[in-house]
Every structure is written in structure tokens, then in C-alpha cells.
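User: I'd like to learn how to read burial, cavities and pockets in a model. Could you walk me through them?

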Amino acid sequence: MSGEELNPAAVAQPVEDVQGDGRWISLHTRFVQECKDAEPDVLFVGDSMVQLMRQYEVWKEFFSPLHALNFGIGGDTTCNVLWRLQNGELENIHPRVVVLWVGTNNHQHTAEQVAGGILAIAQLLTSRLPKAKIVVLGLLPRGERPNPLREKNTAINEFLRSWLPRLGQVQFLDVSGEFIHSDGTIIPRDMFDFLHLTQTGYRTVAKPLSDLLLQILEETSVC
């Protein structure tokens with residue numbers, strides 16, 4: 001990208017309350033309050049892939065013991081996450097690691113723009129939390145069979161793999177290849193709707209992510 005100001009995926013925006021129930025802003029307000037009450041070592045932020053993780057055993061098994069907070073909201077784009085982080089969700093907390101997982105909902109943006117939006121969030125995190133390590137999760141494949149959205153997510157991951165190393169505090173973890181079988185399909189055992197993960201699917205993500213988080217937390221504890 002020639003400049004973040006030109007990238008619509010890096011423009012902070014709240015979600016428009018189309019339904020009229022104020023649910024999104026209520027969740028954001030709750031997260032801001034949690035920042036006042038909690039002292040997390042690990043902060044998860046992103047869309048439904050983050051939010052739904054709390055409903056599965058892997059959260060209790062792998063991440064609750066790490067004193068983790070979950071700031072995931074279903075449907076969020078990079079723009080929405082950027083707005084949330086700029087408006088209170090990083091106040092009063094000093095996590096040692098932040099896990100960022102967002103981008104698959106940016107349907108109106110190109111792969112390069114989405115990757116730029118994710119990069120902008122990572123840059124904000126490194127600026128606001130200079131002592132924290134950032135783990136960016138690669139986008140997973142979607143759809144039962146190969147399709148344009150899956151190709152787009154693959155392209156986003158390639159941009160991230162190229163761009164993120166320039167931010168010294170950031171690591172990229174991509175397990176997307178674990179979900180595509182030899183015939184190119186995704187199976188319901190891993191993704192019940194060919195987008196959102198099952199318990200089995202989350203375990204595929206959680207094990208390598210947990211190993212990485214434990215490694216980072218051990219390294220930072222001796223610094």
C-alpha cells in the first residue's frame with residue numbers, strides 16, 4: 001500500500017447499529033470495563049473466530065490458565081477492531097502478548113487492503129503496548145471447496161508473511177494448511193458451516209498457538 005491513509009481497510013469505524021439493539025457498542029463498553037478490572041497476560045482481539053473460542057473447551061484448557069481476555073465480536077472487520085482499540089480497549093491493561101485474528105469479514109476490500117488493515121492494527125498495538133509481543137493469526141480457508149474468498153484469504157496471508165517481519169514485536173502464525181484436505185475440501189468436522197470452527201477445528205489452532213504463547217511468556221518472564 002502506498003499509504004495507510006489511502007487504505008479503506010485501515011480507517012477506524014464503529015459498527016452501524018442496523019438492528020437497533022445497541023449490541024455491538026454494549027459489547028465494546030463491557031470490554032472497556034473489563035480493562036479496568038482485569039490484569040491479563042494475554043489479550044485476544046478480533047472477530048467471531050476469537051469470540052466463539054470462549055464457548056469451547058480449548059479456551060478453558062489452553063488460554064484461561066494464561067490469564068487471557070477475549071475481546072472478539074462476530075462480524076468485525078479490521079476497521080471495527082481498529083476503532084475499538086483506539087477507543088478504550090487498551091486502556092489500563094498491560095498484556096504481555098496480544099493475539100490478533102481478523103480480516104475474513106472485509107468483503108468490500110481487496111486482499112492487499114485487508115492485509116494493510118491488519119498491519120495498521122499491529123502497528124497500533126506495538127505503539128500502545130511497546131513491551132508486548134503481538135501474534136497475528138493467519139486467515140483460515142473458507143467454503144467447502146476452492147472459491148474466490150478462499151483465494152483472497154490465502155493472498156492476505158502472503159502479504160502478512162511478507163510485511164509483518166518489519167515490525168520486530170510481531171510474529172505470524174498460519175495454520176490454514178491444516179484444514180484443506182488432499183482433494184481441496186474442508187470437512188464439517190473442522191468447520192461446521194465451512195467458516196466457523198468446531199471443537200476439533202479450534203484444537204488444531206489452539207495447540208500451536210498455545211505452544212507459541214507459552215514460549216513467549218517464558219521468554220518475557222526472564223527479561
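Analyst: What follows is a short tour of a helix, two loop residues and the empty spaces. This is a predicted model, in which local features need pLDDT of at least 70 and side-chain atom pairs count only at pLDDT 80 or more, while totals for chains, interfaces and linings use all residues. Residues are numbered from 1 along each chain as its sequence is written, and side-chain values use heavy atoms, with hydrogens and water left out.

User: Let's begin with helix 4: how many of its 9 residues are buried?

Analyst: Buried means under 20% relative accessible area, exposed over 50%, and partly exposed in between (1.4 Å probe, protein chains only). Helices (H or I, at least four residues) and strands (E, at least two) are DSSP runs, numbered from the N terminus. Helix 4 covers residues 78-86, and because 8 of its 9 residues are buried, the helix is largely enclosed by the rest of the structure. The buried ones are Thr78, Cys79, Asn80, Val81, Leu82, Trp83, Arg84 and Leu85.

User: Which elements do those buried residues pack against?

Analyst: Contact means heavy atoms within 4.5 Å. The partners are three strands and two helices: strand 1 (42-46), strand 2 (68-72) and strand 3 (97-101), with helix 1 (23-37) and helix 5 (111-128). Just after helix 4, glycine 88 takes a positive phi of about 115°.

User: Is threonine 77 buried or exposed?

Analyst: Threonine 77 has a relative accessible area of 10%, so it is buried. Its place is in the loop between strand 2 and helix 4. Not counting residues up to four places away in sequence, threonine 77 touches Val102, Asn105 and Asn106.

User: And where is tyrosine 56?

Analyst: Tyrosine 56 sits in the loop between helix 2 (48-51) and helix 3 (57-63). Its relative accessibility is 22%, so tyrosine 56 counts as partly exposed. Leaving aside neighbours within four places in sequence, tyrosine 56 is in contact with Phe192, Leu197, Thr198, Gln199 and Tyr202.

User: Now the empty spaces. How many cavities of 30 Å³ or more are there?

Analyst: Rolling a probe the size of a water molecule over the atoms shows where empty space is left. On a 1 Å grid over the protein atoms alone, a cavity is a set of points where a 1.4 Å probe fits but cannot get out; a pocket is an open set with protein on both sides within 12 Å along at least five of seven lines, and lining residues have an atom within 4 Å of a point. Here the count comes to 2 cavities of 30 Å³ or more. The largest cavity has a volume of about 70 Å³, and its lining includes Asp47, Met49, Trp101 and Leu195. The second largest cavity holds about 40 Å³, with Gly103, His107, Arg142 and Lys152 among its lining residues.

User: What about the pockets?

Analyst: The largest pocket holds about 270 Å³ of space. Of its 14 lining residues, Val15, Glu16, Gln19, Arg23 and Trp24 lie nearest its centre. The second largest pocket has a volume of about 220 Å³. Of its 13 lining residues, His94, Pro95, Leu129, Lys131 and Ala132 lie nearest its centre.

How values were computed: Points joined across faces, edges and corners; volume = space filled by probe spheres on them.
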